[in-house]
Amino acid sequence: MPLDERSVGIVAVQTQHFDRPLALASGRTLDQYDLVYETYGELNSDRSNAVLICHALSGHHHAAGYHHADDHRAGWWNEYIGPGKPIDSDHFFIVSVNNIGGCHGSTGPKSINPDTGRAWQRDFPLLRCRDWVDSQLELMKVLGIEQWAAIVGGSLGGMQAMRWALEYPDKLRNCIVIASALKLTAQNIAFNEVARQAISSDPHFHDGYYLDHGTIPKNGLRLARMVGHITYLSEDGMGKKFGRELKSGSFTLGRNEDVEFQIESYLRHQGEVFSTSFDANTYILMTKALDYFDLAREYGDDPVAAFQHASCNFLVLSFTTDWRFAPERSQEIVAALVAAKKSVSYGEIEASFGHDAFLIPNQRYEQLFGAYMQRIAAEFKEGVSNAL
Amino acid sequence: MRFDLQFISNWVKPNSRILDLGCGNGDLLQTLNSDLGAQGIGIEIDAEHITSCVAKGVNVLEQDLNNGLGNFQDNSFDVVIMAHSLQTLSAPHLVIDEMLRIGTQCIVTFPNFGHWRCRLHLSLQGRMPVSKFMPHHWFDTPNIHFCTVSDFEALCREKGITIIDSAVVDNNASQGFLGKLLPNLFGVTAVYHMSR
């Protein structure tokens with residue numbers, strides 16, 4: 001663990017078991033389930049400083065800090081959560097949860113189905129964004145939080161944050177939607193389908209029952225992740241980061257040798273890491289939840305009508321080179337919020353790292369995001385001093 | 001507060017829904033929000049200004065006015081304000097059309113290029129005026145569409161725009177006798193309150 005004053009330090013994973021059945025959007029029910037989560041910072045006396053972090057496709061509960069002293073890999077949003085960072089753990093009580101259907105501890109396809117005594121695998125119920133929101137609400141009750149100061153999410157996480165704002169408008173004061181969309185474009189669904197096909201066509205997939213066969217569709221997962229990574233970066237960002245640099249070999253004339261470009265090495269590495277740490281059924285489940293998400297579908301396909309149900313303030317952020325969740329998608333969210341007469345601010349951050357930019361240090365992003373969060377902190381501090 | 005902004009405060013009715021094009025650091029909207037209970041949204045492209053707005057709790061959208069305002073619905077605001085941005089736009093006449101489509105009323109302020117100092121500078125020195133209020137050289141100025149009070153009123157007539165009220169103010173932030181008599185000659189900053 002690197003020495004870092006702006007780190008939340010060593011964090012503990014917590015598990016909450018729920019016995020009350022969760023009714024899912026699919027019509028099925030999860031009779032019991034676990035949610036694993038982490039928290040950073042302290043809940044204040046009037047419980048007004050809680051922030052919920054919603055994770056994206058391949059994310060999980062470990063958003064910040066380290067798990068032990070020798071841990072070299074910080075949480076996935078460590079750059080933005082911690083003392084003095086935009087989501088400041090000196091001010092906020094931050095809750096980061098692994099969604100159901102995930103593969104990092106919360107109940108998902110790898111968990112045992114109590115009805116059969118075997119792992120769920122592909123029989124795990126299909127999930128929608130609202131199912132995650134509903135399960136997060138149950139955790140909120142357990143933690144004794146009545147209203148979130150903010151719900152924050154990037155990408156698929158932003159979709160959960162928006163769903164919260166419509167489903168439980170009195171449960172949050174601020175909704176921060178980063179690099180997200182009202183719904184996926186056809187191109188976006190297409191990329192997800194390529195990833196799913198890569199997985200399901202792997203002979204080790206066994207129609208989703210690979211755990212029964214003692215195998216893992218590693219090649220499929222690897223390919224799925226490689227395709228994903230290409231779309232999360234921009235052409236420009238990839239050029240800047242890797243260019244045509246070689247990892248090994250050369251183009252020397254008269255030599256018959258293979259070369260490996262840095263970008264190839266990077267994608268192989270990312271694919272390899274992912275294929276050994278992520279569950280294939282979870283990946284399929286999560287990408288389908290992404291594809292099926294359409295914020296305004298049940299409101300006559302009218303996002304303005306949808307946002308009429310919200311009562312919180314919104315901050316929407318996008319990144320200039322993000323083509324997977326392009327600025328235009330965020331602008332659609334903003335236009336609907338303005339038309340619905342909601343309180344909204346919008347920033348379009350200049351960044352070269354495509355969709356991944358929401359995770360990467362960026363001065364302007366930190367300043368704008370930080371300014372908004374400080375404003376929220378100032379409000380609940382005023383609230384406390386007024387109450388005294 | 002900048003003196004042209006005082007006129008704006010006077011013309012805005014309490015609890016109005018306001019869109020401020022080129023809202024800068026959000027000072028005007030903050031005043032209108034707190035003093036008049038307005039619900040304001042600013043449009044801005046400067047990153048530091050945007051952060052300033054957010055820091056003071058003023059809603060702001062990052063958007064380039066030169067790319068249009070098609071994302072705003074007809075009649076969705078009570079007042080659309082544009083203070084000192086008109087002369088920086090690539091198509092000011094089209095933005096005015098858009099302002100009147102989006103808002104019931106509009107308020108526009110701009111530096112008057114017809115002021116006697118500009119005229120004198122140009123006629124005596126034969127060069128583009130550079131002053132405290134127009135500090136840029138012709139080749140690197142953001143002000144690409146300067147106009148005079150008369151030019152602006154001619155455009156309003158051509159478009160059939162109703163001028164509800166107008167004023168010019170001088171360097172001392174006051175609306176002097178000369179400015180009332182001959183606004184195009186003695187006004188430094190022009191302020192127009194308009195509707196369709």
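This is a short tour of a predicted two-chain model, chain by chain and then across the contact between them.

Residues count from 1 along each chain as its sequence is written, and chains are lettered from A, with ligands numbered from 1, in the order in which they are written. Because the model is predicted, local features need pLDDT of at least 70 and side-chain atom pairs count only at pLDDT 80 or more, while totals for chains, interfaces and linings use all residues.

**Chain B overall**

Let's start with chain B, which has eight helices and seven strands (DSSP runs numbered from the N terminus: H or I of at least four residues for helices, E of at least two for strands). Its C-alpha trace spans about 45 × 35 × 30 Å along the principal axes. A compact globule of 196 residues would have a radius of gyration near 16 Å, and chain B agrees, with 16 Å; the radius is taken over C-alpha atoms, and the globule rule is 2.2 Å times the number of residues to the power 0.38.

Of those 196 residues, 41% are buried. Burial here goes by C-beta atoms, placed from the backbone: 20 or more others within 10 Å makes a residue buried, 12 or fewer exposed, and anything in between partly exposed. Among chain B contacts between residues at least 6 apart in sequence, 61% join residues at least 24 apart. A contact means that two C-beta atoms, placed from the backbone, lie within 7 Å.

Helix α3 of chain B, residues 47-55, has Ile50(B), Thr51(B), Ser52(B), Cys53(B) and Val54(B) as its buried residues. Just after α3(B), Gly57(B) takes a positive phi of about 80°.

**Positive phi without glycine**

Two loop residues have a positive phi although neither is a glycine.

| Residue | Phi | Loop |
|---|---|---|
| His206(A) | about 50° | between α3 (186-200) and α4 (210-213) of chain A |
| Asn15(B) | about 60° | between α1 (3-11) and β1 (17-21) of chain B |

His206(A) is partly exposed, with 17 other C-beta atoms within 10 Å, whereas Asn15(B) has 10 and is exposed.

**Inside chain A**

The largest nonpolar core holds 161 residues, and Val51(A), Ile151(A), Ala161(A) and Cys175(A) touch the most other members. Such a core is a set of buried Ala, Val, Leu, Ile, Met, Phe, Trp, Tyr and Cys residues joined through C-beta atoms within 7 Å. Not counting residues up to four places away in sequence, Val51(A) touches Ile87(A), Phe92(A), Ile94(A), Trp148(A), Ala149(A), Ala150(A) and Val152(A). In soluble globular proteins, nonpolar side chains tend to be buried together.

Ile284(A) sits in helix α8 (residues 280-292) of chain A and counts as buried because it has 23 C-beta neighbours inside 10 Å. Leaving aside neighbours within four places in sequence, Ile284(A) is in contact with Arg196(A) and Ile199(A). The C-alpha atoms of Ile284(A) and Ile199(A) are separated by 8.4 Å, although the two residues are 85 apart along the chain.

Glu328(A), in helix α10 (residues 327-339) of chain A, is exposed, with 11 other C-beta atoms within 10 Å. Its C-alpha atom is separated by 12 Å from that of Tyr346(A), 18 residues away along the chain.

**Where the chains meet**

At the interface, 18 residues of chain A are in contact with 15 residues of chain B. On the chain A side, α10, β14 (344-349) and α11 (363-387) each supply at least two residues. The most come from α11(A), with seven. By class, that side of chain A has nine nonpolar, six polar and three charged residues. Here Ala, Val, Leu, Ile, Met, Phe, Trp, Tyr, Cys and Pro count as nonpolar, Asp, Glu, Lys and Arg as charged, and the others, Gly among them, as polar.
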